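Here's a quick tour for anyone meeting this structure for the first time. Take a look at the sequence and the model, then read on.

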Amino acid sequence: MLINLEPLEGRRDLAHVRIAVQKQMMEQYYNQRNNLRYFKVGDLVLRKVTQNTRELNVSKLASTWEGPYRVSAITGKGSYELENHNGDKLPSNWNVAHLKRYYG
């Protein structure tokens, strides 16, 4: 019983090509919709108000961004240390997902 494996190898090669094309299309789709933001030291940013940083007894119509804050250091990939206008540093680092540039 001899089985000819050449057609199977050709199908396997075609499957690898299709997988590579599909991965490339997914990467292109992601990169088109991804909004990468980078800040430099000294840039002014607004910080998102979260449940932990919200003041007590504030209505739901209150502002969702607070600031402006100045970026004082870059502590990692997408992580920033902030300071207010007096130069006082905020107690923790902030991820880029919770920041946006301030144009003011």
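## How confident is the model?

Among the elements of the chain, H1 comes out with the lowest mean pLDDT, 91, while S3 has the highest, at 96. Keep in mind that what you're looking at is a predicted model. Across the chain, pLDDT averages 89, and 97% of the residues score at least 70.

## A pair of rings

If you go hunting for aromatic pairs, you'll find one in this structure. The partners are Phe39 and Tyr80: their ring centres are 5.5 Å apart and their planes meet at 70 degrees, so this counts as an edge-to-face pair. Planes over 60 degrees apart earn that label.

Where do Phe39 and Tyr80 lie? Phe39 is in the loop between helix H1 (6-33) and strand S1 (44-48), whereas Tyr80 belongs to strand S3 (residues 79-83), so the pair ties together parts that are 41 residues apart in sequence. As for exposure, both Phe39 and Tyr80 are buried.

## A charge over a ring

Another ring to look at is that of Trp65: the charged end of Lys48 sits over this ring, 5.1 Å from its centre.

## A nonpolar patch outside

Now turn to the surface. Val17, Val21 and Met25 make up a nonpolar patch there, and together they offer about 280 Å² of accessible area.

Met25 is a good one to pick out. This residue is found in helix H1. Is Met25 buried or exposed? Its relative accessible area is 54%, so Met25 is exposed.

Definitions and conventions
Residues are numbered from 1 along each chain as its sequence is written. This is a predicted model: local features need pLDDT of at least 70, side-chain atom pairs count only at pLDDT 80 or more; totals for chains, interfaces and linings use all residues. Side-chain values use heavy atoms; hydrogens and water are left out. Rings of Phe, Tyr and Trp (its six-membered ring) pair if their centres lie within 6.5 Å; planes under 30 degrees apart count as stacked, over 60 as edge-to-face and the rest as tilted. Helices (H or I, at least four residues) and strands (E, at least two) are DSSP runs, numbered from the N terminus. Buried means under 20% relative accessible area, exposed over 50%, partly exposed in between (1.4 Å probe, protein chains only). A charge sits over a ring if NZ of Lys or CZ of Arg is within 6 Å of the ring centre and within 35 degrees of the ring normal. Patches are made of residues with over 30% relative accessible area and no salt bridge: like charges are joined within 9 Å, nonpolar side chains (Val, Leu, Ile, Met, Phe, Trp, Tyr) within 5 Å. Accessible areas come from the Shrake-Rupley method with a 1.4 Å probe; for residues, only the protein chains shown count as cover. A salt bridge is a side-chain nitrogen of Lys or Arg within 4 Å of a carboxyl oxygen of Asp or Glu. pLDDT is the predictor's confidence in each residue, from 0 to 100.
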